[in-house]
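The following exercises are meant to be worked with the sequence and the structure open side by side. Try each task before reading its solution.

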Amino acid sequence: RGRRVREYTSTKATGIKAIDEVFRTATQPLREATDLRENVQNALVSFKELCGLTPAANMKQCILTVAAWLLHSDSAPSVTLNLAEQYPPMEAQGPIPDLLRKVLTAYETMIQTSRTLIESADAVYGKLIQAQQAG
């Protein structure tokens with residue numbers, strides 16, 4: 001599976017210096033927004049694929065799939081999902097198979113990228129609105 005190069009939004013020069021300068025300030029927030037969105041999308045797809053599901057699957061299906069693996073596992077690894085936390089971690093106790101370790105790592109990546117998106121979105125949105133209003 002090849003990696004795609006990110007396609008960032010770009011602006012064209014109008015030839016009017018004041019307008020070009022105003023919209024040039026939106027370039028960096030647009031790149032940040034693209035990175036945030038694609039990082040979350042990539043993390044979600046990776047997690048879903050490791051669960052053996054298609055990218056169209058939802059998170060509930062993924063969690064149910066992992067739970068089914070754990071229930072029907074011969075080694076009976078113990079995994080906890082702490083729903084009391086804002087960003088619920090999924091933690092394994094004891095030895096776990098490699099595939100489950102990869103799934104847990106993909107889950108953690110998905111949680112971290114989602115957290116970064118949630119915590120950064122307002123600031124990026126503010127910068128974009130500021131550039132739009134200046135325009």
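A disulfide is taken here as a pair of cysteine sulfur atoms within 2.5 Å. The model is a predicted one, and every value below is computed from it.

**Exercise 1. Decide how many disulfides the model holds, and explain the count from the cysteine sulfurs.**

Solution. Begin with Cys62, whose sulfur has its closest cysteine sulfur in Cys51, at 4.3 Å, which is too far for a bond. Looking from the other side, the sulfur of Cys51 finds its closest cysteine sulfur in Cys62, again at 4.3 Å and too far for a bond. Because a pair has to lie within 2.5 Å to qualify, the count comes to zero disulfides. As a further step, consider the surroundings of the two residues: Cys51 counts as buried because its relative accessibility is 3%, and Cys62 counts as buried because its own is 0%.

**Exercise 2. Describe helix α2 by its span, and find which of its residues are buried and what they pack against.**

Solution. Helix α2 runs over residues 27-50, which makes 24 residues, and from its first C-alpha to its last it reaches 34 Å, close to the 34 Å expected at 1.5 Å a residue. Next, pick out the buried positions, which are Pro29, Thr34, Leu36, Glu38, Val40, Ala43, Phe47 and Lys48. These buried residues pack against two helices, α3 (59-71) and α4 (98-134). Finally, step just past the end of α2, where Gly52 takes a positive phi of about 85 degrees.

**Exercise 3. Work out how α2 and α3 cross, and which residues meet there.**

Solution. Start with the geometry: the axes of α2 and α3 come within 10 Å and cross at roughly 35 degrees, and the crossing is left-handed. Then identify the residues, with Leu44, Phe47, Lys48 and Leu50 on the α2 side meeting Met59, Cys62, Ile63 and Trp69 on the α3 side. Sorted by class, the contact of α2 with α3 comprises seven nonpolar residues, no polar ones and one charged residue. Two of the α2 residues named here, Phe47 and Lys48, also belong to the buried set of that helix.

**Exercise 4. Is Thr65 buried or exposed, and which residues outside its sequence neighbourhood does it contact?**

Solution. First place Thr65, which is found in helix α3. Its relative accessible area is 18%, so Thr65 is buried, the cut-off for that class being under 20%. Once neighbours within four places in sequence are set aside, Thr65 is in contact with Cys51 and Leu53.

**Exercise 5. For Lys127 and Ser78, establish the element, the accessibility and the contacts of each residue.**

Solution. Lys127 has its place in helix α4, and with 37% relative accessibility it counts as partly exposed. Leaving out neighbours within four places in sequence, the contacts of Lys127 are Pro29 and Glu32. For the distance step, take Pro97, which is 30 residues from Lys127 in sequence and 45 Å from it in space, C-alpha to C-alpha.

Ser78 lies instead in strand β1 (residues 78-81), where a relative accessible area of 36% makes it partly exposed. With neighbours within four places in sequence again left out, Ser78 is in contact with Glu91, Ala92 and Gln93. Its distance partner is Leu44, with the two residues 34 apart in sequence and 23 Å apart in space, C-alpha to C-alpha.

Definitions and conventions: Residues numbered from 1 in each chain as written. Predicted model: local features only at pLDDT ≥ 70, side-chain atom pairs only at ≥ 80, totals over all residues. Heavy atoms only, no water. Helix = DSSP H or I, 4+ residues; strand = E, 2+ residues; numbered from the N terminus. Expected span 1.5 Å × (residues − 1). Buried < 20%, exposed > 50% of the residue type's maximum accessible area, 1.4 Å probe, protein only. Contact = heavy atoms within 4.5 Å. Axes fitted to C-alpha atoms, helices over the stretch in contact; angles between N-to-C directions. Left-handed = near helix turned anticlockwise from the far one by under 90°. Nonpolar A, V, L, I, M, F, W, Y, C, P; charged D, E, K, R; others polar.
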